[in-house]
Amino acid sequence: MSDVPTSTRREFVKAAGTAALGASLFPADALGQSRAKRRYAIVGTGDRGSGMWGRDLVKRYPDLLEFVGLCDINPKRTLAARAHMGVNAPTFTNFEEMIEKTKPELLMVTTVDGFHHEYIIKGLDRGLDVMTEKPLTTDETKCQAILDAEKRNNRKIVVTFNYRYAPAHQQMKEIIMSGEIGKIVSVDFSWYLDVIHGADYFRRWHRLRKNSGSLLVHKASHHFDLMNWWLGADPVEVSGYGGLGIYGKNGTFRPKPPADNCRNCPHTSECRFYYDMTKDKRRMDLYAACEDADGYYRDGCVFREDVDIFDNMQAIVKYSNGATMSYALNAYMPYEGYRVAFNGEKGRLDVQSFERQPWEVADSHEIYVTKSFGKRTKVPIPKLTEGHGGGDDRMRDLIFRKTDAPEYMKLPDSRAGAMSCLTGIAIRNSIDQRKPVRIADLVRL
């Protein structure tokens, strides 16, 4: 058993009190009442839009939401998404037409990252409440435009950082808040994307900076939000390094364009990254059956020569509370998960979590507290469940059911979204410019 005092964590929760954390974005007269469902529209009907923010919500909140519109640049995909979700909402390829005809109250943005700003701003300017998938956006100019739009419209944005709501991550936050290891001086943080998940980013639109901002923005914004939240501090300055060592031009063979994807490749028997999408009916319906409308291949070749993002990234980040973090992200590992260690004035908090690994272990998720001049103890953690460690449903319940939670579990807002994506943007800029980059030089908060 752990000697980390659970009473301390309970006192934190009690002291913080509970609050209806969706109140700023979802007023009491809009949700939680059977007499009026909230009019809900989605722009971007791919995997995430039609799944986590589509079908899952249809099943979980039928009493609270009315799906009034689905929009995507690919007309076939909107129809496939609607069938998958099991709704009768009209479909659109023109965003303005959807807003004008369906008059939603709440907009979910799940498009390609590089277009988040466009729909967030249009939604705000039309008086809508807006939620967006991470990252908030992909560069500092777009970030400033979003913040300006939110301010001039006096609206609020929620950025759906579901990782915060995994019970294990909340537990880590509470241990740090309890003062058990004292003031945090430095952090070691390594995230491992395996040859399944990591490679998948290089098959899709994420492989291009103009779409994703690189994995430092698309994927790592999750990690940077966690760290900003864990530390209760803002990033101040970064120095970064990155490279492309496995994918893209590093491949020794690839299919010939325009059909540069796995299903049309003559090298399937010899390519270790071959992906057979025909085994996934949903993706065949959502993507393969829609290819002729926009030319997008969900099973693209990871060795396409136009790949311009990094597959290995390292950085040093300085925070407003004086702490520093060494960060690494690699997208070609033999296992999936992360290790993080918080080095405090009174001890160290060690955490490791593996989602997939090629070895058998009794427990792939472990938290330890080691006291300076003291002993090392294992902290019992809740059983992890599907949906980003159990975070998906907890976050969605905060949004739609207005469940109670302590103040430090409040919904991430535009500032949280900005600070997380700007960390990645600054690291990317640091790599390109070969010099440290200050966050304050990127936007006016």
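These legends go with a set of close-up views of a predicted model.

**View 1. Helices α2 and α14 cross at roughly 70 degrees.** Here you are looking at α2, residues 47-60, and α14, residues 391-400, whose axes come within 12 Å. The two helices are therefore roughly perpendicular to each other, since angles of 65 to 115 degrees fall in that class. The crossing of α2 past α14 is right-handed. On the α2 side, the contact is made by M52, W53, D56, L57 and R60. From α14 come D392, D393, M395, R396, D397, I399 and F400. Sorted by class, this contact has 6 nonpolar and 6 charged residues, with no polar ones.

**View 2. Y40 is among the best-connected residues of the largest nonpolar core.** This core holds 114 residues, and those touching the most other members are Y40, W53, M227, F342 and F400. You may recognise W53 and F400 from the contact between α2 and α14. Helix α15, residues 414-433, gives the most to the core, with 8 residues. Leaving aside residues up to four places away in sequence, Y40 touches W53, L57, L65, E66, F67, V68, G69, L106, M108 and M131.

**View 3. A second core is separate from the largest one.** This core has 10 residues. Among them are A81, W205, C262 and M277.

**View 4. The peptide bond from K134 to P135 is cis.** Its omega is near -10 degrees. To find P135, follow the loop between β6 (129-132) and α6 (140-153).

**View 5. Two prolines, P257 and P258, are joined by a cis peptide bond.** Omega for this bond is about 10 degrees. P258 sits in the loop between β9 (235-243) and α12 (281-286).

**View 6. K103 has a positive phi and is not a glycine.** The phi value is near 50 degrees. Look for K103 in the loop that runs between α4 (95-102) and β5 (106-109). With a relative accessible area of 53%, K103 is exposed, because the cut-off for that class is over 50%.

**View 7. S214 is another non-glycine residue with a positive phi.** Phi of S214 is near 90 degrees. This serine lies in the loop between α9 (209-212) and α10 (215-218). S214 is buried, and its relative accessible area is 0%.

Key. Residues numbered from 1 in each chain as written. Predicted model: local features only at pLDDT ≥ 70, side-chain atom pairs only at ≥ 80, totals over all residues. Heavy atoms only, no water. Axes fitted to C-alpha atoms, helices over the stretch in contact; angles between N-to-C directions. Helix = DSSP H or I, 4+ residues; strand = E, 2+ residues; numbered from the N terminus. Parallel < 35°, antiparallel > 145°, perpendicular 65-115°, else oblique. Left-handed = near helix turned anticlockwise from the far one by under 90°. Contact = heavy atoms within 4.5 Å. Nonpolar A, V, L, I, M, F, W, Y, C, P; charged D, E, K, R; others polar. Buried < 20%, exposed > 50% of the residue type's maximum accessible area, 1.4 Å probe, protein only. Core = buried A, V, L, I, M, F, W, Y, C linked by side-chain atoms within 4.5 Å.
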